[in-house]
Amino acid sequence: MAKQTNTKAGSKIGLGIVIGALSGVAFVLSNSASREKVKSSSSKLKESGNKMVQDYKQDPEGSRERVKNRTQNTVTIVREAVTKLQEILDERGSELSEQAQKVKDDSQDIMSSAKSTEQELKDVGEKVKEAKNRIERRRLSINVQLV
């Protein structure tokens, strides 16, 4: 039963892909500028393919050699790029790690300072309350003496 469900879902997906492709082709062909661009690109691709075939027929060994050289050059360039990228990542990675540690240390210092300040403010608040109470008691004692 599950196999039939998967098959139905697969056929619906395939049908969706076909409908989407046909819609895309219809859209491109409905626009004259797009049609011309597709024709031009197709011609260039065909000419390029024909030229490659002709070159290969005239000089098969040379063609292989050129492809081999291009491939080797590409591999060399990619290796150099990967090496450079690794160097950059190694260098920047350690810098980022150091900066992250500094930020963490600074954050801890700030939190510690804030807690210390909070405690000092509580102490000041208690002293203010104590001073207020003394003033209040003194005023009461002065009022009592005046009466």
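This passage describes the overall form of a predicted model, its largest pocket and one residue of the pocket lining. Local features require pLDDT of at least 70 and side-chain atom pairs pLDDT 80 or more, whereas totals for chains, interfaces and linings use all residues. Residues are numbered from 1 along each chain as its sequence is written, and side-chain values use heavy atoms, with hydrogens and water left out.

The protein contains three helices and zero strands, in the order α-α-α along the sequence; helices (H or I, at least four residues) and strands (E, at least two) are DSSP runs, numbered from the N terminus. Its radius of gyration, taken over C-alpha atoms, is 41 Å, against near 15 Å for a compact globule of 147 residues (the globule rule is 2.2 Å times the number of residues to the power 0.38). Of the 147 residues, 1% are buried, that is, under 20% relative accessible area with a 1.4 Å probe and protein chains only.

The lining of the largest pocket comprises Lys51, Met52, Asp55, Tyr56, Ser63, Arg64, Arg66, Val67 and Arg70. A pocket is an open set of points on a 1 Å grid over the protein atoms alone where a 1.4 Å probe fits, with protein on both sides within 12 Å along at least five of seven lines; lining residues have an atom within 4 Å of a point. Helix 3 supplies five of the lining residues, the largest share.

Serine 63 lies in helix 3 and is buried, at 9% relative accessibility. Beyond its neighbours within four places in sequence, serine 63 contacts Asp55 and Tyr56 (heavy atoms within 4.5 Å).

Note on methods. Buried means under 20% relative accessible area, exposed over 50%, partly exposed in between (1.4 Å probe, protein chains only).
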